[in-house]
Amino acid sequence: MKRTTLHHLAAAPLALVLACVAGCADAQTSTVDLRVATTGGQVEGRAESDARVFRGLPYAAPPVGSLRWAPPQPAPRWNGLREARAFGPICPQPKGGEGAKNQSGAAYSLFEGPMAEGASEDCLTLNVWAPRAAAKAPVIMFIHAGVGAGSLPYYDGSAFARDGVVMVTINYRLVTLGNFAHRALTAEAGPYEPLGRFGMMDQIAALQWIKANIAAFGGDPDNVTIMGQSAGGAAVLQLLATPSAKGLFHKAIVESGNGWWSPMNQAQDEAVGALLATRAGLPGAEATVEQLRALKVDAMPWFGAYSIDGRLQLENATDAFAAGRVPDVPLMIGWNSFDGSSLRYAPASVVATASPAVRAAYAGEKFSDEDLGYAMYTDSHVGAPARWIAARSASGAPSYLYHFSYVLQRDRGKVRGAAHGRELPHAFDSWGKIPGAKFILKDQDRAVTHVMHACWVAFARTGVPACEGAPKWPRYDPKDDRLMEFGDTPQVRRHFRKDQLDAQDADMANVLAEQARSIEELLR
């Protein structure tokens, strides 16, 4: 089968993934308004409050059979009218919870356990929330974290559509199906075909679908913002460093996405692939493509890491930012006060591997040993990298730095801070779609949501986060080092955690070296 390439190239409860968050159809929206002609054929969505919602639209062919671990191919066309009222299946991923075993290092995550219920390899679909009367409306494509799906209620795009933005959420290949290399696959591929990073290839294919189709939904293909959280935020940064993605988006939002990487090279990626094949009962590096593709979808451990193949992505994204070799687009980037909640190994190991200079920078903070590890991890994994990225993006199109520290009223005194992903319902204003959430919100919780959502909407429209109810958000300048803090009251902060973040900046080489060591230890 001849393939085409890509222009030559927090976790949330998974039980909610398949829930179709739907409102009542609006009688004022005619059936004709809900029918849209796409490059694949005609689709019909449904009216929900102020939005026209289209769920489960295929943006690429099902990556099954000979297309497992292959670049995404065009979705087959269909005849007649396709109903777009139900979300597509989630992509294969670990179930999590009891029975899952986690082996993680500084540069990778590896899980062993059953697959999430309802998952299917036939999962390359996206969802569109469009304003009822949209015309050249700004567009956001949201990239979810390393597990989950674009159908989670946290990512419901109704409020964005209400406020004039076309929101697109996507499913893309995850963990071992989204990032896998093996020398048999390399031998099968053409000399220029991208390797390994199939999840990123899917993200680019979704952006290409948006470019070709979003005008039919009332969106502006020349005003597209890519937005991601956690691994999705890291994906946004990596897309900025990927030549084949250039021109497919015009702004970027990064929420708690790491920006410092020591990625695997292609040889290491193939060595990990051989290790995973061995664990699945195949002859390691000697396994054939036929054997690999004949495996049950969950036969291998679930593995996730960052790698570069020299084809899809030519260099490490950290190096690309350091050298200024990324598109000059407006950027909004930030992190949460307790992003350390995403740490998958012992906090004590973070402290143990920190340099004396880093430890000295935290000497004045009254932390327990465990809290110190979480604080160091938050700063080194997302805080300092966010500030570092903002500084290197500041001289051209503006960059805007934020810190999210708000804790819901009901959780005060019970949690360490704003955990990984806690900003999402505020940014999406999706509380009304989350089961039971409306019963826990207080007035201040709603006020923070109002301000944050307004910032995100304004940025998607203009590239400037002008936020109703907040002071003017200054573009980031490393000389005066100002950010917007979303706490009880939004405020501009100068030199926020300067000593700690400066120490982490100075220790960047050690952070990268520790990542490299973790991969080397995995391969021993």
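I began with the bridge partner of alanine 47 and found it to be arginine 52 in β4, working throughout on a predicted model. The pairing of β3 and β4 is antiparallel and runs over 3 bridges. In the hairpin that these two strands form, I counted 2 residues between them, and serine 49 there takes a positive phi near 55°.

I then followed β4 to its other partner, β8, to which it is joined by 6 bridges, again in the antiparallel sense. Across this pairing I noted phenylalanine 54 opposite valine 128 of β8. I also checked the burial of β4: 8 of its 8 residues are buried, so the strand is largely enclosed by the rest of the structure.

Next I traced the sheet as a whole, which is open, has 11 strands with mixed pairing, and follows the order β3-β4-β8-β10-β9-β11-β12-β14-β15-β16-β17. At the edges I found β3 (46-48) and β17 (491-494), and because each has a single partner strand, one side of each is left without a neighbour in the sheet. Ignoring direction, I get an average turn of 25° between neighbouring strands.

Further along the order I looked at β9 (residues 137-143) and β10 (residues 166-170), which pair in the parallel sense over 4 bridges, with phenylalanine 142 bridged to threonine 169 in β10.

Which strands does helix α4 lie across? I find α4 (residues 198-213) across β4 (51-58), β8 (125-131), β9, β10 and β11 (219-229), and its direction is at about 165° to that of β9.

Turning to the nonpolar cores, I recorded 101 residues in the largest, where Val128, Val168 and Phe217 have the most contacts inside it. Helix α4 gives the most to this core, with 9 residues. For valine 128, setting aside neighbours within four places in sequence, I listed its contacts, among them Phe54, Val168, Trp209 and Phe217. Apart from this core lies another of 41 residues, including Ile253, Trp456, Phe459 and Ala460.

Last, I checked helix α15 (residues 508-522): at 1.5 Å a residue its 15 residues should span 21 Å, and the end C-alpha atoms are 22 Å apart, which agrees. I listed Met508, Val511, Leu512, Gln515, Ser518, Ile519 and Leu522 as its buried residues. Seen down the axis of α15, the buried residues fall within an arc of 115°, so I take them to line one face of the helix. On the other side of α15 I noted Ala509 and Glu521 as exposed.

Technical notes:
Residues are numbered from 1 along each chain as its sequence is written. This is a predicted model: local features need pLDDT of at least 70, side-chain atom pairs count only at pLDDT 80 or more; totals for chains, interfaces and linings use all residues. Side-chain values use heavy atoms; hydrogens and water are left out. Two strands pair if DSSP finds at least two bridges between them. Axes are lines fitted to C-alpha atoms, for helices over the stretch in contact, and angles run from 0 to 180 degrees between N-to-C directions. Contact means heavy atoms within 4.5 Å. A nonpolar core is a set of buried Ala, Val, Leu, Ile, Met, Phe, Trp, Tyr and Cys residues joined through side-chain atoms within 4.5 Å. Buried means under 20% relative accessible area, exposed over 50%, partly exposed in between (1.4 Å probe, protein chains only). The expected span of a helix is 1.5 Å times one less than its number of residues. The arc is that of the directions from the helix axis to the C-beta atoms.
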